[in-house]
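Hi,

Here is the structure I said I would pass on. Have a look at it first, and my notes on what turned up follow below.

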Amino acid sequence: MTNDDLHKHIIRGEVIIPETPPSPVIIVDTREQKPYKFSIPTVKRGLSSGDYSIVGYEEDITVERKSLPDLVRCCGRDRSRFMDQCNRLILIKHRLLIIESGWAEIELGQWRGHVKPSQVIGTLCLIAGMGLPFITADTRGRATEITQRFLLGCHKREWAWLRRKFTGR
């Protein structure tokens, strides 16, 4: 984690960190083709992992978004690339895979191609076992809301941790 915000609060060797963190800004990865529209400020930047993060916490907080067609492809012909991506994501302290689909829709398997619902469910169980949590959201709006709440909650926890670490309170 960068300590840019922290350095702003060091005065003559004494660390003074406000109780509340600065207003977060969400980073939207430049490769994200259908970015969410959040209710807080965003910037477009390249991220090494994930589709969304918080400015200053790019190495500590990330969300990877998958539509159902993306997920199905990741469980079929793009599985190797997807597993490499998951292995990078699990190295990040606060990580989440948000899936724009409900679980029932995944179980139905009403998509084109040869990937079976059991393959998708098996892949999701595998990545959860690896330490990559996922949430299914039955609408894009709900996925947007969950993503924003996750990012803001992690930002708040990271700020509180920094504050305790440097001030002891």
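Let's start with β6, where every residue is buried on either side: Ile61, Val63, Arg65 and Ser67 point one way, while Thr62, Glu64 and Lys66 point the other way. That fits the usual picture, since side chains in a regular strand alternate between the two faces of the sheet. Counted up, seven of the seven residues of β6 are buried, so the strand is mostly covered. Do keep in mind that this is a predicted model.

The partner to look at is β7 (residues 94-100), which pairs with β6 in the parallel sense over seven bridges. If you want a spot to orient yourself, Lys66 stands opposite Ile99 in β7.

Ile99 also turns up in the surroundings of Phe134. Not counting residues up to four places away in sequence, Phe134 touches Leu96, Leu97, Ile99, Trp103, Leu124 and Ala128. Phe134 itself lies in strand β8, which covers residues 134-136. Leu96 is worth a click here: it is 38 residues from Phe134 in sequence, yet the two C-alpha atoms are 5.6 Å apart. Even with those contacts, Phe134 counts as partly exposed, at 23% relative accessibility.

Now the largest pocket, which holds about 350 Å³ of space. Its lining has 17 residues, and Arg31, Glu32, Asp51, Glu64 and Gln85 are the closest to its centre. You will recognise Glu64 from β6, where it points the same way as Thr62 and Lys66. Both β6 (61-67) and α3 (79-89) supply at least two residues each to the lining. What is the lining made of, by class? There are 11 charged residues, five polar ones and one nonpolar.

Last, the cysteines. How many disulfides does a search of the whole structure find? Zero. Cys74 is in no disulfide, and the nearest cysteine sulfur to it, that of Cys75, is 6.7 Å away. The reverse holds for Cys75, which is in no disulfide either and has the sulfur of Cys74 as its nearest, at 6.7 Å. A disulfide here would need the two sulfur atoms within 2.5 Å, so this pair does not count as one. Both side chains are tucked away from the surface by the numbers: Cys74 is buried at 2% relative accessibility, and Cys75 is buried with a relative accessible area of 3%.

Over to you, and shout if anything is unclear.

Cheers

Technical notes
Residues numbered from 1 in each chain as written. Predicted model: local features only at pLDDT ≥ 70, side-chain atom pairs only at ≥ 80, totals over all residues. Heavy atoms only, no water. 1 Å grid on protein atoms, 1.4 Å probe; cavity = no way out; pocket = protein on both sides within 12 Å on 5 of 7 lines; lining within 4 Å. Points joined across faces, edges and corners; volume = space filled by probe spheres on them. Helix = DSSP H or I, 4+ residues; strand = E, 2+ residues; numbered from the N terminus. Nonpolar A, V, L, I, M, F, W, Y, C, P; charged D, E, K, R; others polar. Buried < 20%, exposed > 50% of the residue type's maximum accessible area, 1.4 Å probe, protein only. Contact = heavy atoms within 4.5 Å. Pairing = 2+ DSSP bridges.
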